[in-house]
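Reader: Please give me a close look at a single part of this model: the buried side chains and what they touch. I'm a bench person, and an informal tour will do nicely.

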Amino acid sequence: TWEKYDPTIPWVGPTPERALKVRKALNLAVNRQAIIDHVLIGEAGPLLATWGFRPGDPWSDPAWKPYPYDPKKAKELLAEAGYPNGFELEMILVVMPGRAEAPDIGKAVAMDWEKIGVKVKLTAGEYATHIRPQIAKRTHGRQVYPYSTSPREPVDQFGKYGHSGAALILGDEHPELDQAIARASLEVDFKKRAELNRQIGQLYYENYWAVPIASSNLLWAVSKKVGEWSITPGLTYIHNYEYVQPA
């Protein structure tokens, strides 16, 4: 909760302006396309402009553009924020079911951050013992971690772990975010709710609260016995069994 705010964490304090420059620097330092090409071996969709929002979603704003790769500007921003020699942080590399690539993505991000002076201590961990207890208690401090989630409506996703009243905090706590999530949770009109979801995405986009990478593909092995199978693009779990036709 907000009373556990720690202004000594570079991307949080000591002032909102300096913290924003640090978060922007951490984003500009990451070569997302290289991660797609060499870590995900090309098995990913377009670059994400903001976490949890994919291009083409009804709540995604076409005006959002992926953050560019600009390590020179990233170093300048760190210096302006008061960290000309960088700072230290810990990255916990966690393997979660169906997300075996997360540690490798984390290592690639860490290498990019090292190039702008951020010293990253890599630690292997488990979600249940190293991540969840800390994000429930809001005690993770200078720790970051690679994380991926299945595509779903943002208010559902962030309503569970993205506001001050949530059981877990994977993103940010902010009054405007609380208000947008609360309003979207009560809205039954799809178009109005999509607009409120877009407000959530705009807050993440303009505040650099996360380091979005890409929407990775999930490969399914299907035997030659399977013929037509209508699936919904973007859903990363097996579904629509009732529509499977034999070859």
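Author: Let's fix one word before anything else: "buried" means under 20% relative accessible area, "exposed" means over 50%, and "partly exposed" is whatever falls in between (1.4 Å probe, protein chains only). This is a predicted model, with pLDDT of at least 70 required for local features and 80 or more for side-chain atom pairs, though totals for chains, interfaces and linings use all residues. Numbering starts from 1 along each chain as its sequence is written, and side-chain values use heavy atoms, without hydrogens or water.

With that scale in hand, start with aspartate 57, which counts as buried because its relative accessibility is 13%. Its side chain meets that of arginine 54 in a salt bridge (a Lys or Arg side-chain nitrogen within 4 Å of an Asp or Glu carboxyl oxygen), at 3.2 Å, N to O. Arginine 54, at 21%, counts as partly exposed, while its partner aspartate 57 is buried.

Next comes glutamate 153, in the loop between strand E4 and helix H6 (154-161); the helices (H or I, at least four residues) and strands (E, at least two) are DSSP runs, numbered from the N terminus. Glutamate 153 is buried too, because its relative accessibility is 19%. What does this acid touch, once neighbours within four places in sequence are set aside? The list is Trp59, Arg193 and Asn197, a contact being heavy atoms within 4.5 Å. With arginine 193, the side chain of glutamate 153 makes a polar contact of 2.5 Å, and with the side chain of asparagine 197 there is another, at 2.9 Å. (A polar contact is a pair of N or O atoms within 3.5 Å; within protein, one must be able to donate a hydrogen and the other to accept it, and sequence-adjacent residues count only if both atoms are side-chain atoms.)

Now for tyrosine 67, which sits in the loop between strand E1 (44-47) and helix H3 (71-80). It counts as buried because its relative accessibility is just 6%. A polar atom of the tyrosine 67 side chain lies 2.6 Å from the backbone oxygen of tyrosine 205. Leaving out neighbours within four places in sequence, the contacts of tyrosine 67 include Asn27, Leu28, Arg32 and Ala49, and also Tyr204, Tyr205, Tyr208, Ala210 and Pro212. Arginine 18 makes a handy landmark: it is 49 residues from tyrosine 67 in sequence, and the two C-alpha atoms are 19 Å apart in space.

One of those contacts of tyrosine 67, Tyr208, deserves a stop of its own. Tyrosine 208 is in the loop between H8 and strand E5 (214-216), and its phi is near 55°, positive in a residue other than glycine. It counts as buried because its relative accessibility is 15%. Isoleucine 41 also has a positive phi, near 50°, without being a glycine. This one lies in the loop between helix H2 (32-39) and E1, but isoleucine 41 counts as exposed because its relative accessible area is 68%.

Over at the sheet, three strands run in the order E3-E2-E4, with parallel pairing, and the sheet is open. At the edges are E3 (119-125) and E4 (143-144), each pairing on one side only. Strand E2 (residues 88-94) pairs with E4 over two bridges, and at least two DSSP bridges are what it takes for strands to pair. Within that pairing, methionine 91 stands opposite valine 144 in E4. Both Met91 and Val144 are contacts of tryptophan 113, as are Leu26, Ala29, Val30, Leu89, Val118, Val120 and Val211, with neighbours within four places in sequence left aside.

Back to charged pairs, since aspartate 57 has one: the structure holds five salt bridges. Another joins the side chains of glutamate 80 and lysine 21, at 3.2 Å, N to O. That pair links distant parts of the chain, with glutamate 80 in helix H3 and lysine 21 in helix H1 (residues 16-28), 59 residues apart. Glutamate 80 is partly exposed at 44%, and lysine 21 is partly exposed at 30%.

Arginine 198 and glutamate 195 make a further bridge, with their closest N and O atoms 2.5 Å apart. Both lie in helix H8 (residues 190-207), three residues apart, about one turn of the helix. Glutamate 195 counts as partly exposed because its relative accessible area is 37%.
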